[in-house]
Amino acid sequence: WLYFPEDNCPFYRVTIFSNYAEKNCPESSKKLPTLCMGDGSDVPDNLKGDREGPWWSLMFEVSESEKKFVKQDPVTLGGSAGTWPDVVRDTIQGAINTKLTDAGCEIVSIYHRRLFYGYPTPSVGRNDVLDEALPYLKNHNIWNRGRFGSWKYEVANQDHSCMLGVEAIDNIVSGAREMTLEYPDIVNKKKNMDLLYSKKGSL
């Protein structure tokens with residue numbers, strides 16, 4: 001991920017999926033038409049038609065709230081790119097402003113999805129709510145765990161979520177303490193040298 005605190009773009013984070021794996025993009029030999037230019041403008045005649053890559057991909061994440069308005073009015077981009085919410089155009093311009101792309105880049109694919117609930121956002125009263133909600137659910141044989149289960153973003157990465165699952169099972173089977181859930185400040189500062197699992201499942 002790349003993070004962007006700047007005010008010249010609507011997004012706060014960008015993921016370069018083509019860096020994860022080549023198969024996240026079409027093969028370089030795949031011919032694709034240019035939808036619009038890197039600034040959302042029309043495609044010049046000399047760049048029209050299907051052309052080979054190489055291709056790369058960017059995912060932009062834009063947050064919105066009642067305090068951070070995001071423009072959603074429909075706008076039409078150049079070329080054959082079509083009509084999109086205005087935030088797509090702002091994102092294209094933001095990519096130029098932050099030097100991820102430039103106006104001469106060729107855009108061959110656009111995808112936009114608006115999620116109304118994306119992340120568990122910590123709030124001042126969150127712990128008080130969780131201290132009541134999680135034990136209540138547990139008393140009804142529900143172990144809510146993971147990013148959208150235990151609602152603790154500070155222990156919600158993949159490694160945390162894996163340990164939340166392991167510790168939940170240990171708690172169900174033997175009543176062991178769930179350190180990751182109960183003491184996130186401790187586990188985030190400590191290298192795990194306590195739980196060492198072998199292939200045979202013994203400690």
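## A walk along two helices and the contacts around them

The buried residues of helix α3 are Arg126, Leu130 and Leu134. Around the helix axis they cover an arc of only 45°, which puts them on the same side of α3. Keep in mind as you look that this is a predicted model. Its average pLDDT is 90, and 94% of the residues score at least 70. Among the elements of the chain, α2 has the highest mean pLDDT, at 98, while helix α6 (residues 184-187) has the lowest, at 86.

Let's stay with α3 for a moment. This helix runs over residues 126-139, so find those 14 residues on screen because they are our starting point. From the first C-alpha to the last, α3 reaches 20 Å, close to the 20 Å expected at 1.5 Å a residue. Now turn the helix around. Which exposed residues does α3 carry on the face turned away from its buried side? They are Asp128, Asp131, Glu132, Tyr136 and Asn139. As for the buried residues of α3, what covers them includes α5 (179-182).

Next comes α4, residues 158-174. How far should the 17 residues of α4 span at 1.5 Å a residue? The expected figure is 24 Å, and the end C-alpha atoms of α4 are 24 Å apart, which agrees. Buried in α4 you'll find His160, Leu164, Glu167, Ala168 and Asn171. These residues cover an arc of only 110° around the axis, which puts them on the same side of α4. On the face turned away from that buried side, α4 carries the exposed residues Gln158, Ile169, Val173 and Ser174. The cover over the buried residues of α4 includes both α3 and α5.

Zoom in on Asn171, which lies in α4. Is Asn171 buried or exposed? With a relative accessible area of 11%, Asn171 is buried, because anything under 20% counts that way. Leaving out residues up to four places away in sequence, Asn171 touches Lys138, Trp143, Ala176 and Glu178. With one of them, Lys138, there is a polar contact from side chain to side chain, at 3.1 Å.

Glu178 also has a charged partner. The side chains of Arg145 and Glu178 meet in a salt bridge, 2.8 Å from N to O. This pair links distant parts of the chain: Arg145 sits in the loop between α3 and α4, Glu178 in the loop between α4 and α5, and they are 33 residues apart. Both Arg145 and Glu178 are buried. Another salt bridge joins the side chains of Arg177 and Glu182, at 2.6 Å from N to O. Glu182 counts as partly exposed, at 32% relative accessibility.

How many salt bridges does the count come to? The answer is eleven. One of them is between the side chains of Asp86 and Lys71, at 3.9 Å from N to O. Asp86 lies in helix α2 and Lys71 in the loop between β6 and β7 (74-76), so the pair ties together parts that are 15 residues apart in sequence. The two partners differ in how much surface they show: Asp86 is buried, with a relative accessible area of 8%, whereas Lys71 counts as partly exposed at 38%. Salt bridges that share partners also join Lys71, Asp86, Arg89 and Asp90 into one network.

Finally, take a look at some backbone angles. Most residues other than glycine have a negative phi, and most peptide bonds are trans. Against that background, a few spots are worth finding. Lys99 has a positive phi of about 65° although it is not a glycine. You'll find Lys99 in the loop between α2 (86-97) and β9 (106-107), and it is exposed, with a relative accessible area of 73%. Trp151 is not a glycine either, yet its phi is positive, about 60°. Trp151 belongs to the loop between α3 and α4 and is partly exposed, with a relative accessible area of 35%.

The ends of our two helices join in as well. Just after α3, Asn141 takes a positive phi of about 60°, and α4 is followed by Gly175, whose phi is positive, near 80°. For a peptide bond that isn't trans, go to Gly53 and Pro54: a cis peptide bond joins them, with omega about 15°. Pro54 lies in the loop between β5 (50-51) and β6 (59-61).

Notes
Residues numbered from 1 in each chain as written. Heavy atoms only, no water. Helix = DSSP H or I, 4+ residues; strand = E, 2+ residues; numbered from the N terminus. Expected span 1.5 Å × (residues − 1). Buried < 20%, exposed > 50% of the residue type's maximum accessible area, 1.4 Å probe, protein only. Arc of directions from axis to C-beta. Contact = heavy atoms within 4.5 Å. Polar contact = N/O pair within 3.5 Å; in protein donor to acceptor, adjacent residues only side chain to side chain. pLDDT = per-residue confidence, 0-100. Salt bridge = Lys/Arg side-chain N within 4 Å of Asp/Glu carboxyl O.
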